[in-house]
Amino acid sequence: RVDRRQRQMCIRDRHRKLGVFAAFFIVFLSVTGVALNHTDGLSLAHQPIKNTLLLDHYGISAPQDVHFYQQQAIQVINNSVWYKGKMLLESDDAVVSVGQLLLKHNQQNVFIIATRQSIFLYDLNGELVDMLGTESGVPEMIKAMSINNGMVIVDSVDGYYQTDSDFFDWQVIQPLIAPNWLQPEDVSDDKIQQATLAYRAQFLTLERIIIDSHSGRILGDIGVLFMDFIALLLIVLSISGLYIWVKYTKNSRK
């Protein structure tokens with residue numbers, strides 16, 4: 001009887017210690033589980049993570065190219081174009097330049113974005129107005145763009161081409177003076193760092209962090225195995241708790 005009591009006391013003691021250890025993870029899994037059940041209401045998928053340590057941990061590297069146009073309103077980051085925090089364009093081709101143009105036929109101001117193979121027009125609200133490619137007569141392999149007096153000039157692999165704001169007719173030109181090509185604006189290092197961080201943050205959201213934390217994947221394979229261990233521990237605690245309860249019930253009846 002003494003050995004049996006000692007064994008029961010030992011089981012209870014271990015059960016308490018394991019229970020205290022597991023209590024934190026029970027609370028953690030419960031909180032993250034509830035959060036994931038209400039991901040839409042909490043807008044977890046729309047909350048970007050700007051912690052550089054977490055971004056580095058997930059391998060989200062900084063962009064190679066960050067340029068500003070139109071009094072810093074337009075940001076060109078790698079092959080994407082951003083306006084007021086909204087991505088206007090993600091191009092397969094390199095973005096050459098960005099300018100502003102008044103369309104002659106409707107007197108509408110638009111942003112004109114030139115890539116190597118296409119020209120995109122966006123209104124000042126960030127809505128796409130038109131997209132023109134080589135099938136519309138846009139010269140191939142654009143290297144630079146200039147806007148002057150309502151005329152658009154591009155430097156292409158086949159030379160200089162000019163068109164008006166209707167973009168119907170592209171003409172080869174040979175100007176005596178080189179056009180004033182649109183160039184990125186000079187900005188401070190802080191501006192570049194802010195744009196870089198905002199760009200990186202779009203690839204990692206609070207929802208992703210909570211999901212990976214809940215499953216342990218935030219720590220890789222080791223984290224997954226650890227959460228498997230916690231799951232087994234909870235099973236053991238449930239079984240040992242049930243065993244202790246059964247033994248206590250039997251003893252109380254004697």
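A residue counts as buried when its relative accessible area is under 20%. By that cut-off, 35% of the 254 residues of this protein are buried. Please keep in mind that the model on the screen is predicted.

I will start with the overall make-up. The protein has five helices and 12 strands. Its exposed surface comes to about 16200 Å², and carbon and sulfur atoms supply 54% of that. For the contacts, take residues at least 6 apart in sequence: 50% of the contacts between them join residues at least 24 apart.

Next, the salt bridges. How many salt bridges does the count come to? The count is four, and I will go through three of them, beginning with Asp-56 and Arg-200. Their side chains meet at 2.7 Å, N to O. Asp-56 sits in helix H2, residues 52-57, and Arg-200 in helix H3, residues 189-201, so this salt bridge ties together parts that are 144 residues apart in sequence. Is Arg-200 buried or exposed? Arg-200 has 8% relative accessibility, so it counts as buried.

Another salt bridge joins Glu-127 to Lys-86, with the closest N and O atoms 3.5 Å apart. Glu-127 is in the loop between strand S7 (119-123) and strand S8 (128-132), while Lys-86 belongs to strand S4 (residues 86-90); the pair links distant parts of the chain, 41 residues apart. Both ends are partly exposed: Glu-127 has a relative accessible area of 43%, and Lys-86 is at 37%.

Then there is Asp-164 with Lys-104, where the closest N and O atoms are 3.4 Å apart. Here each partner lies in a loop. Asp-164 is between strand S11 (159-163) and strand S12 (171-173), Lys-104 is between strand S5 (95-102) and strand S6 (109-115), and 60 residues separate the two. Asp-164 is partly exposed, with a relative accessible area of 23%.

Now the aromatic rings. The structure has nine aromatic pairs. In one of them, Phe-167 and Trp-170, the ring centres are 6.3 Å apart and the planes are at 45°, so the pair is tilted. The word tilted applies because planes under 30 degrees apart would count as stacked and planes over 60 as edge-to-face. Phe-167 is buried at 6% relative accessibility, and Trp-170 is buried at 11%.

Compare that with Tyr-199 and Phe-203. What is the arrangement of these two rings? Their centres are 5.4 Å apart and their planes are at 80°, so the pair is edge-to-face. Tyr-199 is buried, with a relative accessible area of 13%, whereas Phe-203 is partly exposed at 47%.

Ring pairs also link five residues into a cluster: Phe-24, Phe-25, Phe-28, Phe-226 and Phe-229. Phe-226 and Phe-229 come up again at the surface, where together with Phe-21 they make a nonpolar patch of about 280 Å². Phe-21 is part of helix H1, which covers residues 2-37. At 39% relative accessibility, Phe-21 counts as partly exposed.

Let me turn to a single residue, Ser-80. It is found in strand S3, residues 80-83. Its relative accessible area is 3%, so Ser-80 is buried. Which backbone oxygen does its side chain reach? The side chain of Ser-80 reaches the backbone oxygen of Ile-77, at 2.7 Å. There is also a polar contact of 3.0 Å between the side chains of Ser-80 and Trp-82. Leaving out residues up to four places away in sequence, Ser-80 touches Gln-75, Met-87, Leu-89, Glu-90 and Tyr-199. You have already met Tyr-199, as the buried member of the edge-to-face pair.

The last topic is the backbone. Most residues other than glycine have a negative phi. Ser-43 has a positive one, near 55°. Where is Ser-43? Ser-43 lies in the loop between H1 and H2, and it is partly exposed, with a relative accessible area of 31%. Asn-78 also has a positive phi, near 55°. Its place is in the loop between strand S2 (74-77) and S3. Asn-78 counts as partly exposed, at 27% relative accessibility.

To close, here are two things to find on the screen. One is the salt bridge between Asp-56 and Arg-200, and the other is Ser-80 with its contact to Trp-82.

Technical notes. Residues numbered from 1 in each chain as written. Predicted model: local features only at pLDDT ≥ 70, side-chain atom pairs only at ≥ 80, totals over all residues. Heavy atoms only, no water. Phe/Tyr/Trp six-rings, centres within 6.5 Å; stacked < 30°, edge-to-face > 60°. Buried < 20%, exposed > 50% of the residue type's maximum accessible area, 1.4 Å probe, protein only. Patch = residues over 30% accessible without salt bridge, like charges linked within 9 Å, V, L, I, M, F, W, Y side chains within 5 Å. Areas by Shrake-Rupley, 256 points an atom, 1.4 Å probe, with all protein chains shown as cover. Helix = DSSP H or I, 4+ residues; strand = E, 2+ residues; numbered from the N terminus. Polar contact = N/O pair within 3.5 Å; in protein donor to acceptor, adjacent residues only side chain to side chain. Contact = heavy atoms within 4.5 Å.
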